[in-house]
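This report walks through one protein fold, from single strands to whole-chain totals. The sequence and structure come first.

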Amino acid sequence: MHLTIREALSIYPLTEAKLVAGKQGDSRIVKSVNVMDAPDIADWTKSGEMLFTTAFAMKDSPQETVNLLRKLNDRGAAGLGIKLGRFWSELPQIVADEADRLHFPIIEMPFQFTFSDQMNALFNAEYRRNTQLLQSVLEKQKKLMQFGLKQDNMLSMFQLISDILGYPMAVVGARGQILYNTSAWSPDQLSQNWPWKRKSGWVYAGKERAYRVGLHQQDDEPLGHLLIIPDAVLLANVEEGLFQQAADILTFHMCYTFRSHVEASAQRDLQNNLLRYLEKGTSLEEFLEQAEARGLSIFTGAYQCVISKNKPENLEEQPQVKLKNLKQYMESHPKSSSLTGHHFVFKDMMFSIYSTNQVDGFPEEELSQLLTKYASDSGCIEEAGEITFYSSSMKLKPTALREAYMECLETQRMASKLGLPDRVLHYETIEFAHLFQNVSSTMMEDYCAKILRPLLEKDAEYSQEMIRTLEVFIRNDGQVSEAAKQLFIHRNTVTYRLEKISDLLQVDFKKVNDLLKLKAVFLFRQFLHVR
């Protein structure tokens with residue numbers, strides 16, 4: 001434990017306590033808490049220990065209490081908590097004066113709470129604080145690792161190598177193009193006698209010389225050459241070895257950059273083929289062949305599609321920047337072992353295909369929970385902003401991919417029209433809205449009034465509270481815990497309210513027909529609100 005007296009007094013039920021003496025010592029650190037049951041407790045008190053007492057052991061002699069305060073202060077105790085009312089009705093003035101002189105905190109403990117209540121509160125608060133601290137450290141370590149794995153641009157890499165070697169240098173590409181040059185050599189001097197042999201060694205341009213090292217990939221594909229132009233006449237063999245090491249480092253990073261460029265280009269082509277199929281209905285085969293050539297198994301069984309979009313008010317940056325961050329975050333935090341996601345960033349959305357190799361269907365509930373985790377994940381929100389997910393129904397055949405895409409778009413359209421606040425929306429739940437959108441307002445009003453009349457006839461405040469509980473329960477597919485979380489109440493409270501609602505409306509939440517009625521009611525209410 002590592003709390004100041006001031007911080008401890010901000011934790012319930014210690015918020016009901018009063019710092020009655022030694023107020024200038026409220027910055028003392030509480031490292032542990034103990035209960036005082038003997039007058040010689042000071043002999044065993046540790047530095048930073050906070051003592052709780054009923055004053056029984058010192059009720060007969062205020063002067064002994066003064067002596068005790070001095071000993072506790074010498075031992076480095078954090079403070080003394082006294083529960084007044086049983087043995088002392090008030091703190092003796094002589095004790096208060098000594099505590100003020102020593103800046104030793106004395107706290108009047110709330111009588112209605114036990115010592116264990118207050119000790120548990122302190123321990124729980126410290127536990128929560130340590131957990132948050134560990135989480136913060138882990139997040140920082142994760143960011144440091146991600147930063148360390150990011151590749152810097154080649155120009156910075158060239159500059160870094162040049163600074164380390166301490167000599168002017170040049171990098172010439174495989175086609176003879178000058179990629180970097182801090183030497184006094186002209187382009188003609190650098191490309192003299194091109195193409196060069198692979199062998200490393202000294203090359204000359206007039207009276208000047210440079211040490212040249214070839215840059216080759218593992219498959220012997222040439223990337224270019226590194227030339228170091230030293231100002232020293234004699235160089236030790238170890239320096240020539242250093243030049244070779246520098247060339248190896250450059251080769252590695254240039255290979256990575258080359259592969260990244262090729263990968264990015266191939267990904268763009270794949271995305272463009274997919275987008276043409278989804279929007280214009282071109283051949284799916286071309287997309288699948290290209291994906292297979294890149295080693296991607298898009299469809300391993302049943303699948304669902306998801307469109308991810310930023311909230312419009314959160315777009316300080318270009319949408320694609322946020323969506324690329326989202327894609328990167330999802331790929332580095334998959335959060336599921338039974339689902340494989342393939343993500344494609346289009347202009348203002350990310351289209352994902354989640355497939356499974358399970359033989360017993362598709363884990364729709366697991367995908368829903370996965371998307372909910374992303375929607376509420378602080379790390380994801382930090383990287384990509386607030387995201388809303390629109391999912392299709394389950395599909396079995398690859399040829400249904402375009403249909404799934406259209407379902408995602410329809411889910412987005414209907415959610416926007418109805419002003420739904422949910423961060424994860426499914427086509428199957430919003431499909432009712434699509435079916436009922438042409439029902440007249442009068443019919444909707446009559447139906448809602450008929451179903452909810454027993455509730456609406458109750459007190460207005462009670463009625464509104466119960467209808468809100470029912471709406472959140474239905475919106476969360478009958479999940480009591482999720483409803484309780486969104487309503488900020490205990491799940492038992494939700495269960496109690498639902499029992500009352502069931503009696504009033506004469507509905508059974510275990511019957512599909514009754515659930516469908518209630519689903520339609522709240523769908524109609526949303527339509528009426530929009531209209």
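Start in strand E15, where Phe351 is the bridge partner of Ile307. The model is predicted. Ile307 belongs to one side of strand E13, together with Tyr303, Cys305 and Lys309. E13 and E15 (residues 350-355) are antiparallel, with 6 bridges between them.

E13 also pairs with strand E16 (residues 387-391), again in the antiparallel sense, over 5 bridges. There, Val306 of E13 has Ser391 of E16 as its bridge partner.

The pairings described here can be set side by side.

| Strand pair | Sense | Bridges | Example partners |
|---|---|---|---|
| E13 and E15 | antiparallel | 6 | Ile307 and Phe351 |
| E13 and E16 | antiparallel | 5 | Val306 and Ser391 |
| E5 and E6 | parallel | 4 | Leu51 and Leu80 |

How many residues of strand E13 are buried? The count is 8 of the 8 in residues 303-310, so the strand is largely enclosed by the rest of the structure. In a regular strand, side chains alternate between the two faces of the sheet. Both faces of E13 are covered. Gln304, Val306, Ser308 and Asn310 are buried on the side opposite Ile307.

**Cores**

Phe351 returns in the largest nonpolar core, which has 57 residues. Phe351 is among the residues with the most contacts inside that core, as are Leu274, Ile353, Leu401 and Leu470. Ile353 touches Leu401. Ile353 also reaches Tyr303, Gln304 and Cys305, and its other contacts beyond four places in sequence include Ile298, Phe299, His342 and Phe344. A second core is separate and has 23 residues, including Ile41, Met58, Ile82 and Leu102. In soluble globular proteins, nonpolar side chains tend to be buried together.

**An open sheet**

Five strands form an open sheet in the order E2-E7-E6-E5-E4, with mixed pairing. Strand E2 (18-21) and strand E4 (32-35) each have a single partner strand, so one side of each lacks a neighbour in the sheet. From one strand to the next, the twist averages 30°. Strand E5 (residues 49-53) and strand E6 (residues 79-82) run parallel and are joined by 4 bridges. Leu51 has Leu80 in E6 as its bridge partner.

**Aromatic residues**

The structure holds 13 aromatic pairs. What is the arrangement of the Trp202 and Tyr211 rings? Their centres are 5.2 Å apart and their planes stand at 80°, so the pair is edge-to-face. Trp202 counts as partly exposed at 24% relative accessibility. Tyr211 is buried, with a relative accessible area of 9%. Both belong to an aromatic cluster with Tyr167 and Phe243.

**Around Leu456**

Leu456 lies in helix H14 (residues 441-456). With 46% relative accessibility, Leu456 is partly exposed. Beyond four places in sequence, Leu456 is in contact with Ser463 and Ile467. Leu456 and Ile467 are 11 residues apart in sequence, and their C-alpha atoms are 8.7 Å apart.

**Whole protein**

The protein has 18 helices and 17 strands. Of its 531 residues, 44% count as buried. Among contacts between residues at least 6 apart in sequence, 66% join residues at least 24 apart. The accessible surface comes to about 29500 Å², and 51% of that belongs to carbon and sulfur atoms.

Definitions and conventions
Residues numbered from 1 in each chain as written. Predicted model: local features only at pLDDT ≥ 70, side-chain atom pairs only at ≥ 80, totals over all residues. Heavy atoms only, no water. Pairing = 2+ DSSP bridges. Helix = DSSP H or I, 4+ residues; strand = E, 2+ residues; numbered from the N terminus. Axes fitted to C-alpha atoms, helices over the stretch in contact; angles between N-to-C directions. Core = buried A, V, L, I, M, F, W, Y, C linked by side-chain atoms within 4.5 Å. Buried < 20%, exposed > 50% of the residue type's maximum accessible area, 1.4 Å probe, protein only. Contact = heavy atoms within 4.5 Å. Areas by Shrake-Rupley, 256 points an atom, 1.4 Å probe, with all protein chains shown as cover. Phe/Tyr/Trp six-rings, centres within 6.5 Å; stacked < 30°, edge-to-face > 60°.
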